[in-house]
Amino acid sequence: MRIWVFLVTLFVTQPILSNPSVEMLHWWTAEGEDSALSVIEDRFRLLPFSLKNDPIAGGGGGPAKSILQARAIAGYSPDIAQMEGPAIQSWAALGFLMGMNEVAKLNQWDQSLYRDIQAIHKYNGNYVAIPLNIHRLNWMWVNKEVLAKHQLSLPNDWDSLLLVLNVLKNKGITPLALGEEPWQVVQIFENIAFGVGGAHYYRQAFVDLAPEALNSPETLEALDRFRSLANIVGNDLSKISWDQGTKALLKGEFAFQFTGDWALGEMLSSGSSIPDYIQCSPFPSTENGFIYNVDSLAFFSTRSNEDQNITSIMAALSAPKFLLEFSKKKGSIPAQTNIPIDDLSRCQQKSYDDYIRASRNGSAMPSLTDSMAVNPVIQNAVSNELYRYFIDSSITSKTLIGHLNAINNEIFR
């Protein structure tokens, strides 16, 4: 009897073994993003790990990036963090990131990843982050019912777009879903700049920050167009987040939204398909092209994962089937060439076709605003100057260009 009581007591009092916890820091907090996040959560249910989500609200990921930096300095990095662009190489150079060559070899990344995507995720020839998807930024989302109600045609170039926006404003209608967050505003400028000068100019001016490109007539024209847009919507900027803007577009409260295809993820989270009255068109441009950013996951070297089989998580979060399901929810296209896109929406299939074409002819460009083109110091400095120009009509184009040149000289002198 005593032995039985002892065994029962031992069983009850011993802690139940649980799966080791893995923390992931990210900024997927909108409904569409949360829907995509659920694909990651589902994948973890098949692994001997429990996922601890650490979502940091804030469009564009600014707050999340600041918190990640503070935590790394303090010595308690998360196990996994969402990252974008050159920041990946910066973190790898500081020795924070785990290598992924084993998983890259398993998934044949040297063959299955697009060349631009390979370069983003390598440091010193070694893979250091997982590319999840490719987002397109130079989209124009249009509520055709709003245009039809006011007998307006779908614009197909800058002049017709400006005309439609002005007509709607004169009718007392706020034409564009646009919040006051700087990244929402500045991403429109990069669409305008590409539309004016094409891929070669865009790369020289806003990736390389070449003085001859910054001081060119194309920059002046892009700034003039940016100011024209500011004159239409600048006084109407509100505190709406991008996802609130997308929901308002669906309801017919706005006619347009100029933002990336994360807006598509938001639309798909509200229904199984894109409403027929929503048109996805490339932002007006003299040259066909594709401005992109990439959602990536980097794994930090932390004491909590030193003894764990973290490679199994890397493999699970880079499997083609998983990446396809993630893109279905996120509104993006997969980052690997070997994934069929037949089940994706009409806008995603259009995005895929345009990316393939742009990648082949050299007109696929990394986003300045979304941390893909330049390092975060330059990005923040340039974005702040462009945002100030948009909201303050007293700043001249000549003054702004002078500030951009000063940023360039200060950082690269």
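This report describes the disulfide and two further residues, G75 and E84, in a predicted model.

**The disulfide**

A search of the whole structure finds 1 disulfide. It is formed by C280 and C347, whose sulfur atoms lie 2.1 Å apart. The link of C280 and C347 is left-handed, with -100 degrees about the S-S bond. Because C280 belongs to strand β10 (residues 278-282) and C347 to helix α17 (residues 346-361), the pair ties together parts that are 67 residues apart in sequence. C280 counts as buried at 10% relative accessibility, and C347 is buried as well, at 1%.

**Two loop residues**

G75 is located in the loop between α3 (62-74) and β3 (80-83). With a relative accessible area of 60%, G75 is exposed. The C-alpha atom of G75 is separated by 29 Å from that of D42, a residue 33 places away along the chain.

E84 occupies the loop between β3 and α4 (87-93). E84 has a relative accessible area of 5% and is therefore buried, the limit being under 20%. The side chain of E84 takes part in polar contacts with the side chains of K65 and N293, as listed here.

| Side-chain pair | Polar contact distance |
|---|---|
| E84 and K65 | 3.4 Å |
| E84 and N293 | 3.1 Å |

Neighbours within four places in sequence being left aside, E84 is in contact with W27, K65, N293, V294, D295, D370, S371 and M372. K65 and N293 thus appear both among these contacts and as polar partners of the E84 side chain.

How values were computed:
Residues are numbered from 1 along each chain as its sequence is written. This is a predicted model: local features need pLDDT of at least 70, side-chain atom pairs count only at pLDDT 80 or more; totals for chains, interfaces and linings use all residues. Side-chain values use heavy atoms; hydrogens and water are left out. A disulfide is a pair of cysteine sulfur atoms within 2.5 Å. Helices (H or I, at least four residues) and strands (E, at least two) are DSSP runs, numbered from the N terminus. Buried means under 20% relative accessible area, exposed over 50%, partly exposed in between (1.4 Å probe, protein chains only). A polar contact is a pair of N or O atoms within 3.5 Å; within protein, one must be able to donate a hydrogen and the other to accept it, and residues adjacent in sequence count only if both atoms are side-chain atoms. Contact means heavy atoms within 4.5 Å.
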